[in-house]
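Student: I have a two-chain model open and would like to be walked through it with a few questions. Shall we begin with the picture?

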Amino acid sequence: MILETYPPDTSRFLKQEKNQFANPVGNTISLEIEDIYEELLHGRDSEKLSHFLDRIIKIRAIQDFSPAQAVVFVFHLKNAVREELGGKIRNDQLFEELLEFERRIDKLALFAFDTYVKCREKVYEIRVAEVKNRVFSLLKRADLIGEISEQEPDIREKNIDSVT
Amino acid sequence: MSEDLSNVPKPDELMRIEHKPPRKGWMDVPVDFKPGTYSYPAKAKNLKILDMPNPREWSPTDEDWKLPENWKEIVREGFKDRLDKYRSFQLFMDICVRCGACADKCHFFIGSGDPKNMPVLRAELMRSVYRKEFTTSGKIFGKLAGARELTTDVIKEWFYYFYQCTECRRCSVFCPYGIDTAEITMMGRELLHLLGCGINWAMEPVANCFRTGNHLGIQPHGFKDTLEFFADDIEDLTGIKINVPLNKKGADILFVVPSGDYFGDPGTYTCMGYMMLFHELGLNYTWSTYASEGGNFGLFTSHEMIKRLNAKIYAEAKRLGVKWILGGECGHMWRVMHQYMDTMNGPADFLEVPTSPITGTRFENAKSTKMVHITEFTSDLMKHNKLRLDPGRNDNLIVTFHDSCNPARAMGLIEEPRYVIRKVCNHFHEMPENTIKEQTFCCGGGAGLGNDENMEMRLRGGFPRGNAVRHVQEKYGVNRLACVCAIDRATLVPVCDYWAPGVEVTGVHEMVANALVMKGEKERTTDLRGEPLPGKEEVEDE
């Protein structure tokens, strides 16, 4: 389901290529989603979950998706469970369990939102760091750093002189 | 963006969320220029300096790109001219059987999932026009024969995707016909330039290079100051005052580096590394304030521009009367030096076959170009035990090596950098086989794309590399990514920061200089970056 959010030619490749270095996107997604599912089933700690989630969202946060599209896969889990286990849930009256499971998914969705924002912030941070680094080198080269504060008072005095 | 209210979606449209992308043919999907995924266009002033067509202020997000009135004719003529001139181009347009071997080999496709980044489809953007304009079947059957009209949307698409290819040539390694997609990209960019559609991150360096000799526009006195500044830092570190030979007539060797080495960290440490090595050897060499740039963004512009910018190298070697040329750690510079310089601006029959004055080794591989790569030179010194080395000084580094695309694929420089690294580091681990050597993954920012406005696209393209780095980081604790390319030293920093935080980037000769035991040096307590050497942490604290 997650892989189908990509264009058809791409999702075919993401599903077929099994080498983790030749197909890092497909492999990360299938590996981590399994781990996420396991953790959810057992209702385990949130730290591990956010680690697995981070790996997937890091990728989708810089791909051609809107924020909603990037994290929507979390909700796909609900569909998957309902589609696969719908009959059993109805027959065995497991609605309470289902609600509990879906509550965990909702919590996961909030994590996903946090993670997504963190990734986007990182991208902007990296971009700013790169520009800053470049400007700093330029200033250093032009000998502008350190001199400005010393010269400033002189300039002001001169200006005052010329006015008066 | 259009302000037209009729384009605003209705509430019930907004309620429908479709997660699957629409199933449309690729010809029917127009380009959407989103911030973070394209480079800013070339400024008019830079095009004017270079006498290039249609200088103007414009933006890819504009509806009207202010193309020349007869733009179609210009592209058609330019296309025809290049088909006649380059037989390889004609062949690449005709020969592809769409076997798909290249499709999943591009780092931009792997990282972005955009099908138009499959090299076969990227080339198809041009082939479809070629069929319509130049083949009978295309003229008659149109879309059925894979042909399409040349429209402004096609030009926009070319601009978007030909500036989303780093010309790394990984795909061509896998093509059974040997189609070089990088050359198709080069042709695409040449045609775009005829309409004045280039990117500023490539054209500003070209314009600077044309006037001052280097990408950054650093003038001779600035160049001299910079190198002397490094010499002072080296003296602080080692207690040794080293000479900076500049424009020295009669030197044996002319040394040429990419300007990234003396401009931005961490390249500057590599530059200091060269200086320390040459001083230790007592090499009779010289820097040049004219040939102050080995890099050549003409490679990302046009064949004529490569030649124009490269001409200074042999000219300066002749003026100074050197015997041969030595080149620093750079990627694309070596594609130019190795594959084009000789035929474009040679023959350099006034130079000698490069011979190491220290070991006597004759570099037969450089018999024609007369130019040797620094890691060939240094590995030869090490092979002959000409250097005193203390690799323990690099014991805090757990190193892996990123093969830069051009040295690996365009000149076959695979073993020399590894030999050097192993001599100066005790902890070296390779990344997985299908991500290194000839199959190396690009940094995602080559060919003029390493600008900050394009960051998102760079991170997509850098993911396959970043993924492999993270793998060795988790498996072996790798904390340093070594490379022999100035663009890499700039662009892999964000790639690591995002995909494998904690891994820093280094040049090979930075590590050489750290390990190099120099005659008469004082006891070193820090490395070139001013960080304490292993075992010297307490000394630093005191």
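Student: In which loop of chain B is B:P266 placed?

Tutor: Helices here are DSSP runs of H or I with at least four residues and strands are runs of E with at least two, numbered from the N terminus. B:P266 follows a cis peptide bond from B:D265, with omega about 5°. Its place is in the loop between α13 (260-263) and α14 of chain B.

Student: What is the mean pLDDT of chain B?

Tutor: This is a predicted model, in which local features need pLDDT of at least 70 and side-chain atom pairs count only at pLDDT 80 or more, while totals for chains, interfaces and linings use all residues. Residues are numbered from 1 along each chain as its sequence is written, and chains are lettered from A and ligands numbered from 1 in the order in which they are written. Since pLDDT is the predictor's confidence in each residue, from 0 to 100, it helps that 95% of the residues of chain B reach 70 or more. The mean for chain B is 94.

Student: How are α14(B) and α22(B) oriented to each other?

Tutor: Axes are lines fitted to C-alpha atoms, for helices over the stretch in contact, with angles from 0 to 180 degrees between N-to-C directions. The axes of α14 (residues 267-281) and α22 (residues 508-515) of chain B come within 7 Å and cross at roughly 50°. Angles under 35 degrees count as roughly parallel, over 145 as roughly antiparallel, 65 to 115 as roughly perpendicular and the rest as oblique. α14(B) and α22(B) are therefore oblique.

Student: Which residues of α22(B) meet α14(B)?

Tutor: Two residues are in contact if their C-beta atoms, placed from the backbone, lie within 7 Å. The α14(B) side includes B:Y269, B:M272 and B:L277. Facing them in α22(B) are B:H509, B:E510, B:V512 and B:A513.

Student: What about α15(B) and α16(B): how are they oriented to each other?

Tutor: The axes of α15 (residues 303-320) of chain B and α16(B) come within 10 Å and cross at roughly 85°. Their contact includes B:I306 and B:Y314 of α15(B), with B:V336 and B:M344 among the residues of α16(B). The two helices are therefore roughly perpendicular.

Student: Where does B:P347 lie?

Tutor: This proline also has a cis peptide bond before it, joining B:G346 and B:P347 with omega about 0°. B:P347 lies in the loop between α16 (332-345) and β4 (371-373) of chain B.

Student: Which helix of domain 1 of chain B gives the most to the side that touches domain 2 of chain B?

Tutor: The bounds, from an automatic or database domain assignment, are 27-198 for domain 1 and 206-515 for domain 2 of chain B. Their centres, taken over C-alpha atoms, are separated by 31 Å, and 26 residues of domain 1 are in contact with 28 residues of domain 2. Helices α2 (44-49), α5 (107-112), α9 (170-174) and α10 (181-194) of chain B each supply at least two residues of the domain 1 side. The most, five residues, comes from α5(B).

Student: And between the chains, which helix gives the most to the side of chain A that touches chain B?

Tutor: The contact takes 30 residues from chain A and 28 residues from chain B. On the chain A side, α1 (8-16), α2 (24-42) and α6 (95-141) each supply at least two residues. With nine residues, the most comes from α6(A).
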